[in-house]
Amino acid sequence: MLHDRVLVRTDIPEGERRSTGGIVIPATAAVGRRLAWAEVVAVGQSVRTVEPGDRVLYDPEDRAEVEVRGVAYVLMRERDLHAVAAERLEGAEDSTGLYL
């Protein structure tokens, strides 16, 4: 990875989803702008706030997909991340475990 780039693997595959109430939502359903969670796989040398293994919140509309060895990943800049959830942040005093 170069510079401020972050490579993430999305949590939920695209397609049908199921609501918490058990209702199936088809992939063609129109949904409002919604952020998504993903796991950081690799980071560039200029990235300061995230590490591999962290979970990050990002906008799925602002993404560049790349396939590596048959697995789809999303490549983005560090500044395009909206939040970071990491185990290392949860141990800090007065911490929620999220870096917003």
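**Exercise 1. Which side chains meet in a salt bridge with an N to O distance of 3.5 Å, one of them being Arg9? Place both partners.**

Solution.
- Step 1: Arg9 pairs with Glu39, their side chains meeting in a salt bridge at 3.5 Å, N to O. The model is predicted.
- Step 2: Check the cut-off. A salt bridge needs a side-chain nitrogen of Lys or Arg within 4 Å of a carboxyl oxygen of Asp or Glu.
- Step 3: Locate the partners. Arg9 sits in strand β1 and Glu39 in strand β4 (residues 36-43), so the bridge ties together parts 30 residues apart in sequence.
- Step 4: Add accessibility. Arg9 is partly exposed at 33%. Glu39 is partly exposed too, at 31%.

**Exercise 2. How many salt bridges does a search of the whole structure find, and which residues do shared partners join into one network?**

Solution.
- Step 1: The search of the whole structure gives three salt bridges.
- Step 2: Take Arg5. Its salt bridge is with Asp4, and the closest N and O atoms are 2.9 Å apart.
- Step 3: Take Arg77. Its side chain meets that of Asp4 in a salt bridge of 3.5 Å, N to O. This pair links distant parts of the chain: Arg77 belongs to strand β7, Asp4 to the segment before β1, and 73 residues separate them.
- Step 4: Recall the background. Side chains of opposite charge can pair when their charged atoms come close.
- Step 5: Recall the Arg9 and Glu39 bridge, which ties strand β1 to strand β4. Salt bridges with shared partners join Asp4, Arg5 and Arg77 into one network.

**Exercise 3. Is Asp4 buried or exposed? Classify Arg5 and Arg77 as well.**

Solution.
- Step 1: Use the cut-offs. Buried means under 20% relative accessible area, exposed means over 50%, and partly exposed lies in between.
- Step 2: Asp4 has 18%, so Asp4 counts as buried.
- Step 3: Arg5 has 26%, so Arg5 is partly exposed.
- Step 4: Arg77 has 29%, so Arg77 is partly exposed.

**Exercise 4. Where does Arg69 lie, and what is its phi? Do the same for His3.**

Solution.
- Step 1: Start from the general case. Most residues other than glycine have a negative phi.
- Step 2: Arg69 has a positive phi, near 50°. Arg69 lies in the loop between β6 (64-68) and β7 (71-77). Its relative accessibility is 85%, so Arg69 counts as exposed.
- Step 3: His3 also has a positive phi near 50°. His3 belongs to the segment before β1 (5-10). Its relative accessible area is 48%, so His3 is partly exposed.

**Exercise 5. Which residues make a nonpolar surface patch of about 270 Å²?**

Solution.
- Step 1: The patch is made by Met1, Val66, Val68 and Leu75.
- Step 2: Look at one member. Leu75 is in strand β7.
- Step 3: Patch residues need over 30% relative accessible area. Leu75 has 31% and is partly exposed.

**Exercise 6. What is the overall make-up of the protein?**

Solution.
- Step 1: Count the elements. The protein has one helix and nine strands.
- Step 2: Put them in order. Along the sequence the pattern reads β-β-β-β-β-β-β-β-α-β.
- Step 3: Consider burial. Of 100 residues, 24% count as buried.
- Step 4: Consider contacts. Among those with a separation of 6 or more, 60% come from residues 24 or more positions apart.
- Step 5: Consider the surface. The accessible surface is about 7,100 Å², and 49% of it belongs to carbon and sulfur atoms.

Definitions and conventions
Residues are numbered from 1 along each chain as its sequence is written. This is a predicted model: local features need pLDDT of at least 70, side-chain atom pairs count only at pLDDT 80 or more; totals for chains, interfaces and linings use all residues. Side-chain values use heavy atoms; hydrogens and water are left out. Helices (H or I, at least four residues) and strands (E, at least two) are DSSP runs, numbered from the N terminus. Buried means under 20% relative accessible area, exposed over 50%, partly exposed in between (1.4 Å probe, protein chains only). Contact means heavy atoms within 4.5 Å. Accessible areas come from the Shrake-Rupley method with a 1.4 Å probe; for residues, only the protein chains shown count as cover. Patches are made of residues with over 30% relative accessible area and no salt bridge: like charges are joined within 9 Å, nonpolar side chains (Val, Leu, Ile, Met, Phe, Trp, Tyr) within 5 Å.
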